[in-house]
Structure formats: structure tokens, C-alpha cells
Amino acid sequence: MAITTQQQQQKMGLITVATVITAYTFYRQLIKLSAMNDGTPVVPYSDSWKGSTIEFREDPVTFTKKWTEKLGLVYRIHLYGRIHTVASGKYAREVFMSDDFDFVVGTRKTFDMFGMAGIINHHQLVEETRKAIVQHVNPQLKYYTPRVVENLTIGLQDILGDLTEPKEVSNIFPLIQRMVARGSATVFVGEKLCQNDQIVSIMQNITTDIGKMHPRYHQSWLIKFPWMMKLYFKSIGMFSAEVKHQRKVILDAITPEIEMRQANARNNPNWERPKDVLQELIEINGPSYNNNNQKEFYTAMLDQLLVLIFASVHTTSENGTIVISRLLQHPEVIDELLEEQDQVLRKAGLDPNQGNSVDLFTFEIIKNMPKLDSVCRESLRLRSQFYELAHTNIRNHNVVLSNGTVVPPDGDVLINVWHAHNMGEDDLTQFKPFRFVNSRYPATKVSDQFLVFGEGKHSCPGRWFAIQEIKTIVSMLIRDYKLSAPEDIIFPIAGERLPHGKWIQSFDRYNMTSSTTTTTTNAYKEQEQQQQQQQEQEQERQPLLRS
Ligand code: HEM
């Protein structure tokens, strides 16, 4: 009896807490809505719970086009359980440029990767990561290129092995992921740790693995209660055995490495300082930790590396996959890229038929391929992106855009990327691979019409590294393998982010007898030519012999 009463009291307590929280949530929504009574048009919706979410998801192209044409550059939309402000064109730039809005805060509301990975002090970490990339990675790209290419090659071999016959790969993404993880690892954690298979595998998969724990917020009632989402994300970071395991593997690997580097820096005058991001981070952050809290220091290094991994590996792999898929969709473009490759290598005094990728694809060579660069920019521009890059007003006062639209504290602005990439000139919805050749717009250049890397002072600092990796991967693959897609490649418009459908990609190494990847497309062509020449010579000799 006593137990029943206790249970009833607990139940009542829970119901009261839930009621208070729900009422408070709706109260805050109400305050936000009244602040937004500024004449900004709203996309009409009849379902006050789901808003326009279902209609948008069914056909995002038609939806975004229709309402952007009807309502203009700034409007409001009830999406994913809340009212958002949508900003396009110059208003999008205003949001990117303003310190009142924060992309990381906006993104974390619906997908808190940091919380789910058990990272606490994310704000400072993102700032430190940005600094490390700007001050260390970008100026050293040329130095890093041979190391990256060597590791991209190893990543490629990890998945494809030594091909002795054509191989069909039903999903190219894991291959690109592996290459990117391996290529990035050498820069992030150094030449020794990048050989640690466990670390590379975690770098490769951690974003997808943790992403799978997301409560599929579009369908979930949790989305109505952002603070509950926050708790949910945090609880994964605190209690998930998988996350704990992944953190432990990296921590166990970096701890002795950091200890060894610190000891060498102190005691060994002949020690050669390693060149990688880890070393930079040790030197930047090490002095603020004393010997008593070394464990805390190692954990901070772990969190810092995780931020770097989340920002870089999945994004680069996804976009690399998109570029390769476009090429498979337009195989004639591969021929043009090979021609460009051939010319650039010969002009630099290199024989395209000799040597490994690492000997040929230097920083300068990759830089001198405008067609390849244009294909990358064009493929990324045409990604299915609509209302993206949520930016939250982080002030405790209203922020007013220059057209008078009010964004209340904690209010979110979605950037209308679809407008930036598809509206304006008539042909913008078409794939024109060489659109940007001879233009002032390399793939790394952000602009109002190209928001893949954001814009403004928080625009992606890793884009030079990412594009360099993607271009090198494409160069390696088209040189050494015959790529083809026997069935149509479908670029998804809604839902999934990666190209899919009933298709396979055939990897057909040009020289099937070789056990290394040194044999090239050009070598293949030359072999064919030689064989043809031999045949012709034999045919010519035949009458002579007969006579
Ligand atoms: C194709 C691959 C990539 C894409 C599409 C991409 C995209 C983005 C976008 C959209 C942002 C937000 C920009 C904004 O708020 O205006 C961003 C930020 C960031 N990215 Fe990338 N990124 C890529 C690769 C990388 C790589 C390889 C690194 C590291 C080497 C990196 C590091 C970062 C960091 C540290 C930030 C936060 C910057 C800040 O808040 O100040 N990203 N990225």
C-alpha cells in the first residue's frame, strides 16, 4: 500500500514537472512569436504541430522555389517544429557577417555532435581549431601534399587492394571516407599515429556512427522541446558505451605519444619536432596545464582532435563522393580531365606514364588544373541544399535585419542556399562542368552565390585542405582506374544527402597484371597504341614475307 502511494506521488511529481516544462516552452514560443510580429511574410501552414515540414520534405525544390519567388529574400517558415526566419541574398550575408548570430549554436540545436561525443567546452575548441588550421595547416599545404597523397594511396589500397580483375563497388562513399581519413590523419596526428588502424577507422566512421544515435528529430516530438534535445544529446555523450569506447581508443593512443613528445622537447636537444596539428595543439595548450592535471590536458587534446575530425572527415568525404558521382554521371568529362592532366604533367616535364601518384600529383600540379577545379565547384554548387546553416541569435535582445525583420533572442535564421545556388541566371540548375574555367571563382572561393563553405569570418577555414584532397583523389582515381556506372546515378533531392539508386561503380584497373598502382591510364593508352602498331607492322610485313 505504502509502495503504491509512493509510486503515485512519483507519477504526480513527473506529470507536474512535465506540465510546467511544457507550459514554459509554449510561453517562450509565444514571446518569440510576438517579437516576430514585424510584417515579415510567413509561408502559410495549417498544421500547427508540423507546420510546413511535410510539404517541404515531399518536394523541396518546388517548395523552396515557389515560396522564394512569392515571398522574396526574407520570410518565415514553420519547419522542424518551430518558426524560423529564412534569409537569402544580401540578408544571408548580413547574418553570416554579424557577431550576433552563431552557426555552431544553431546547428547544435538539432544535431549536437559535440554533446553526443562527450565534448564539453566546444566554443573555445572550435576557435582553437580554426586558429590551428589557419596558422598551421593552410600555410603548410604544399609541404603536406606528398604525405597526404601517400596516405590517400594507402587508404585506396585498404579498400580496393591490388586489383587483378574489375571490381564493382556498390557504394563509393566508404572508399572516399577511408582515403580522406588516412590523408587527414597524417596531417592531424602525424606520421606515426596515422598508421594506427584503430585511429584511422574511428576518424573514418565516428561522424556516421554517432550520427546514427540521433533521434531522427524531424519525426520526433522531442524537437518541440530544444532543452530536452540538449539533454538527450548530452546523455549520449555521457552514457553511450560506443562513444566511451571511441574516446578511449583515441585517448590511449595519443597519451603516450604526447608524453613522449613532451619529454623529448624537454630533454632531447637533437629531437626533430614533428610537423602536424597535434604538435601545434600541444605547444599552444600545454603550458596552461601543470603536471598535476596532465590527464585533463590529454582529454582536452582528445576533444580538440574530435572537433577537427567532425569538421573535416565526413564533410570532405561526402563532397568528394558528390564530385566523383557527377563524373560517373558525365563520363565524357573524365576524358577531358585526363587530357588536362596529361598536358599539365608534360608541361611540368613529368612523364604521365611513369611513376606513382605521389611522384606526379604535387601541390603545384593539382593547382594548375582549372578544369578539375571547375568540376569540383560546379558539383558542390549543385548539391541538394535548401534551407541550411542555421544561425542563432545569441544575444539577449532582438536583432533587426536591414529590411526590418526582427530575430528574437535564441531565434534561428536558416540560410536559403538553394536561392544562392540556383536562382538568377537561367542555366543555374544545369550541370556545366567547366562553368568556372577562366573565371575568378576557384572552388575554394566563397561568395553570395556559393555558400558551400559558409561566408564571412566563420567561413570554413579548412576549405583549401578539403578541395586539395578532393582534387587529388579525383586525379588519382581517373588516372589509375577506369570508372564507370552501368546504371543511372540519382542525385537525391530530399532526405539522403548522397547520390544513390540502383547503380554500381566499376573499378577496372588499367593494367590488370601489375601488382602496384603505378600503371596509368596513359600507360594503358600507350600499351594499346603499341599493340596496334605491332599489329600494323606485322600486317605490313606479311606481304613482304609472302613475296
Ligand atoms: C568539403 C568539405 C567541407 C565543407 C563543405 C565544409 C563546410 C563548412 C561550413 C559550411 C562551415 C560553417 C561556415 C560558417 O559558419 O559560415 C564550416 C566551418 C568550419 N570548418 Fe569546414 N567544411 C569542409 C571541410 C573542412 C575541413 C577539411 C576542415 C579542417 C581541416 C574544416 C574545419 C572547419 C572549422 C574549424 C569550422 C568552424 C569555423 C568557425 O566557426 O570559425 N572544414 N565548414
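Which residues of α13 are buried? The legends below address this question and describe further close-up views of the predicted model.

**Figure 1. Overview of the predicted protein model.** The secondary structure of the protein comprises 22 helices and 10 strands. The chain has 547 residues, of which 37% count as buried. Among contacts with a separation of 6 or more, 74% join residues 24 or more positions apart.

**Figure 2. Helix α13 and its packing partners.** Helix α13 covers residues 241-267. Its buried residues are Gln 246, Arg 247, Ile 250, Ile 254, Glu 257, Ile 258 and Arg 261. These buried residues pack against α10 (190-193), α11 (197-211), α14 (277-285) and α15. The end C-alpha atoms of α13 are 39 Å apart, in agreement with the 39 Å expected because its 27 residues are counted at 1.5 Å a residue.

**Figure 3. The largest nonpolar core, with Met 301 among its members.** The core contains 115 residues, and those touching the most other members are Ala 185, Val 189, Met 203, Met 301 and Leu 305. Helix α15 (residues 294-329) makes the greatest contribution to this core, giving 17 residues. In soluble globular proteins, nonpolar side chains tend to be buried together. Beyond its neighbours within four places in sequence, Met 301 is in contact with Ile 254, Ile 258, Leu 281 and Ile 282. Of these contacts, Ile 254 and Ile 258 also appear among the buried residues of α13.

**Figure 4. The open sheet of 5 strands and helix α5.** The strands follow the order β1-β2-β8-β5-β3, and their pairing is mixed. Strands β1 (74-79) and β3 (101-102) form the edges, each pairing on one side only. Between β3 and strand β5 (residues 387-393), the pairing is antiparallel and extends over 2 bridges. Within this pairing, Asp 102 has Thr 392 of β5 as its bridge partner. Helix α5 (residues 103-110) packs on the sheet, where it touches β3, β5 and β8. The direction of α5 makes about 110 degrees with that of β5.

**Figure 5. Helix α21 and the annotated residue Cys 460.** Helix α21 (residues 463-480) is mostly covered, with 17 of its 18 residues buried. The separation of its end C-alpha atoms, 26 Å, agrees with the 26 Å that 18 residues should span at 1.5 Å a residue. Cys 460 lies in the loop between α20 (417-422) and α21. An unreviewed UniProt entry places the feature "binding site" at Cys 460. Cys 460 counts as partly exposed because it has 19 C-beta neighbours inside 10 Å, whereas a buried residue requires 20 or more. With neighbours within four places in sequence left aside, Cys 460 is in contact with Phe 453 and Gly 454.

**Figure 6. Two loop residues with positive phi, Asp 410 and Asn 438.** Asp 410 is not a glycine, yet its phi is positive, at about 70 degrees. Asp 410 is located in the loop between β7 (406-407) and β8 (412-416). It has 17 C-beta neighbours inside 10 Å and therefore counts as partly exposed. Asn 438, also a residue other than glycine, has a positive phi near 60 degrees. Its position is in the loop between α20 and α21. Asn 438 is exposed, since 8 other C-beta atoms lie within 10 Å.

Key:
Residues numbered from 1 in each chain as written. Predicted model: local features only at pLDDT ≥ 70, side-chain atom pairs only at ≥ 80, totals over all residues. Helix = DSSP H or I, 4+ residues; strand = E, 2+ residues; numbered from the N terminus. Buried ≥ 20, exposed ≤ 12 C-beta atoms within 10 Å, placed from the backbone. Contact = placed C-beta atoms within 7 Å. Expected span 1.5 Å × (residues − 1). Core = buried A, V, L, I, M, F, W, Y, C linked by C-beta atoms within 7 Å. UniProt positions renumbered as here; feature names shortened; annotations may be inferred. Pairing = 2+ DSSP bridges. Axes fitted to C-alpha atoms, helices over the stretch in contact; angles between N-to-C directions.
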